[in-house]
Each structure stands twice: as structure tokens, then as C-alpha cells.
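Student: I would like to take a close look at a single part of this protein, and to see how that part fits with what surrounds it. Could you go through it slowly with me?

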Amino acid sequence: QDYLVVGRVTDAGAGSYRVEYELFDVAKQERLLGLAMTARSNAMRDVAHQMADAIYEKILGVRGAFWTRIAYITQTGLGKEARYALMVADSDGFNPQTVVRSAEPLLSPSWSPDGSKLAYVSFERGNSSIYIQNIATGARELVSSFRGINGAPTFSPDGGRLALTLSRSGNPEIYVMNLGSKQLTQLTNQFGIDTEPTWSADGASIYFTSDRGGRPQIYRVPASGGSASRVTFQGNYNATATVSYDGKKIAVAQGSGNNYRIAMMDSSLGSPRWSTLSPGSLDESPSFAPNASMVLYAAREGRRGVLYAVSADARVRQRLVLAEGDVREPAWSPYRTPR
């Protein structure tokens with residue numbers, strides 16, 4: 001054993017507990033970490049995840065992402081009986097909470113950078129519309145309900161803008177909306193379908209899916225406008241990109257025939273290297289953890305949609321324990337506390 005964690009829990013009174021723990025380097029016989037936290041009994045999961053984050057960071061030098069959340073869509077029932085919900089849960093799937101319920105489809109949840117709001121697509125007005133909802137208060141704002149498609153919203157890293165797909169001009173294109181003024185800037189103008197925008201961590205670029213070359217591939221365009229350049233060249237189908245915090249890794253849904261897997265393009269060492277993260281056959285909607293150590297994605301088991309988390313080196317894969325129903329479109333939250 002390289003490391004050892006020793007801890008104890010004591011009653012702090014009034015329904016609270018004090019948790020103390022220490023991390024030791026066994027080989028060096030050195031104490032690396034010693035911390036204590038006090039919390040109520042119903043917050044012990046949060047305490048455990050914060051402990052895990054501190055230990056992970058002390059050993060690996062990378063901030064842990066256990067004390068984060070995930071958002072996803074569930075569907076129960078079929079046809080006219082179908083009901084949809086936008087859910088938020090702990091990063092491991094526990095403590096699910098319903099943010100929105102609807103008799104019409106919900107799609108594409110996206111976290112604000114401070115983790116307080118979710119943007120999503122709802123069909124409750126008949127056509128697709130984009131809302132932004134405060135998770136704690138339930139207050140929400142309709143931000144886009146143009147004619148045609150209103151889809152795939154994603155917050156900019158500074159939280160002041162929203163990238164989205166609109167077909168108001170007749171063709172699905174990528175736009176950026178200033179959330180203060182609601183002013184729109186059109187970034188793409190192509191005959192193909194441009195959709196699924198996602199921001200680079202510095203907010204300078206937007207990655208998106210386009211079939212302008214004949215098959216869906218990932219492209220990049222400056223967030224201020226300009227010409228787009230193709231990013232993915234391996235495989236004849238790459239879609240729904242998620243980009244790591246350092247911009248060096250891009251995970252996509254990669255299709256070959258009828259088999260769709262999560263694949264990752266890693267440019268950490270210079271030229272891009274590809275790896276496959278999931279077994280298929282209908283894997284989709286990848287979403288990086290804020291530290292890029294794991295990727296959350298949706299898969300099929302029989303007729304049901306389920307969620308998996310897989311490590312970025314593909315060595316560890318875990319199915320999340322979630323409520324009944326068809327589960328899809330996961331989105332991993334940012335860190336709960338900024339630094």
C-alpha cells in the first residue's frame with residue numbers, strides 16, 4: 001500500500017458529527033494531510049466527497065471532482081403517457097432531485113459556470129424553446145423561442161453568454177446570445193447542419209458538430225466570429241463534443257456503422273492520439289468531469305437508457321445508480337466552490 005487514510009467520527013451534539021481524518025505516505029512514513037469537518041448527519045455524503053477530493057488532490061496534484069453534481073433527463077411511460085423530468089443528483093447518482101417536470105420532451109441540460117442554473121430545451125409551448133432555470137429557487141426565464149429550432153444551449157465560461165443552435169434563417173446555425181441584452185451574433189452560415197456547440201475553457205472558441213463535409217464532424221470557430229476549421233479527422237462520424245478544462249482532450253460520440261462509442265482525442269503530447277472509452281453499441285452524450293479525469297455518458301441496456309462514468313484512461317467504468325425510467329443527456333456540473 002502506498003497511502004493510508006485513518007479517520008474517526010465523533011458525536012458533536014445537536015444532530016451533528018465531527019469527522020477527522022489523516023492521510024499518510026506509507027513508504028516515507030509521513031503525514032500528508034490532517035483535516036476535521038463538522039456537519040449534520042444528512043450531510044455526511046458531502047463530507048465524504050469533500051474528503052475524497054482533498055485526498056485525491058494531495059496524492060495526484062489534480063483537484064478532485066467527487067463533490068460535484070450531474071444533470072440528466074428521464075422519461076417514464078410511452079406515447080401520450082410519457083412524462084419527462086430534468087434531474088440533478090450527486091456525481092455518483094445518489095440524492096436525485098427533480099428540477100423540472102413536463103408532459104412534453106426536455107433536452108440538452110447545460111450548467112451555468114457557478115452551478116446555480118441550468119439551461120435546457122423544452123417543447124411545452126409546442127415548438128422547441130430554451131429556458132434558464134435557477135436550481136435552488138425554481139425561477140426560470142424563457143430566453144429563446146424563435147421560429148424553427150431552438151436547441152443545444154451551452155453557457156460561456158464567464159456565464160454572460162449562451163451558445164445555441166437556431167434555424168430562424170431556415171438552416172440550423174450556431175449563434176451566441178448575450179444574456180444581458182439578449183442580442184444574437186450568428187457564427188456560422190453553411191448549407192449543412194451546424195449544431196451542438198460547446199465552449200473552450202478560455203471562452204475564445206466554440207466547438208460544434210457539422211455535416212458540411214458530408215458526415216458529422218467536429219469543427220471550431222472563434223467565439224467572436226470568423227471562419228470555422230475542422231478538428232476531427234479520424235472516423236466518419238464524430239458528434240456531441242465535450243472539451244476538457246485545459247483544452248487538450250475532446251471526447252465525442254464516434255460512430256462506425258451501427259455502433260456508437262465514446263472516443264477521446266488527446267493532444268496533450270502534441271499530435272492528436274485517439275482512444276476508445278466505451279464498448280458501444282449506442283453510447284452518446286459525453287460530458288467531462290471538471291477535472292477531466294472521468295467522462296459521463298449515456299448508454300442503452302435493453303430498451304432502457306442508463307448512465308456510465310468512465311475514467312479518461314478507460315481503465316475504470318461504472319454504471320451510475322439512478323431512478324427508474326429512460327435516462328439520457330447527462331451533463332457534469334462545474335466545481336461547487338470556485339478557486
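Which order do the strands of the open sheet of four strands have, and with what pairing?

Tutor: Let us begin with the sheet itself, keeping in mind that this is a predicted model. The open sheet of four strands runs in the order β11-β12-β13-β14, and its pairing is antiparallel. At the edges stand β11, which covers residues 150-155, and β14, which covers residues 184-186; each has a single partner strand, so one side of each is left without a neighbour in the sheet. If direction is ignored, neighbouring strands of this sheet are turned by 25° against each other on average. As a general point, strands of a sheet pair through backbone hydrogen bonds, in either a parallel or an antiparallel way. Here, the edge strand β11 pairs with β12, residues 161-166, in the antiparallel sense over four bridges, and within this pairing Thr-154 has Ala-163 of β12 as its bridge partner.

To place this sheet in the whole, it helps to know that the protein is divided into domain 1, residues 3-60, and domain 2, residues 70-335. The centres of domain 1 and domain 2, taken over C-alpha atoms, are separated by 34 Å.

Other antiparallel pairings can be followed in the same careful way. Strand β23, residues 284-288, pairs with strand β24, residues 294-301, over three bridges in the antiparallel sense, and Ser-287 stands opposite Leu-296 in β24. The hairpin of β23 and β24 has five residues between the strands, and there Ala-292 takes a positive phi near 65°. On from there, β24 pairs in the antiparallel sense with strand β25, residues 304-311, over eight bridges, and these two strands form a hairpin with two residues between them, where Gly-302 in the turn has a positive phi of about 65°.

Within the pairing of β24 and β25, Met-294 stands opposite Ser-311 in β25, and Met-294 also leads us to the second largest pocket, where it is among the residues nearest the centre, together with Ala-65, Phe-66, Gln-318 and Trp-332. This pocket has a volume of about 330 Å³ and is lined by 16 residues, which by class are nine nonpolar, six polar and one charged. Helix α1, residues 44-60, gives the most to this lining, with three residues. Both domain 1 and domain 2 give residues to the lining of the second largest pocket, so the pocket lies between them.

Methods. Residues numbered from 1 in each chain as written. Predicted model: local features only at pLDDT ≥ 70, side-chain atom pairs only at ≥ 80, totals over all residues. Heavy atoms only, no water. 1 Å grid on protein atoms, 1.4 Å probe; cavity = no way out; pocket = protein on both sides within 12 Å on 5 of 7 lines; lining within 4 Å. Points joined across faces, edges and corners; volume = space filled by probe spheres on them. Nonpolar A, V, L, I, M, F, W, Y, C, P; charged D, E, K, R; others polar. Domains from an automatic or database assignment. Pairing = 2+ DSSP bridges. Axes fitted to C-alpha atoms, helices over the stretch in contact; angles between N-to-C directions.
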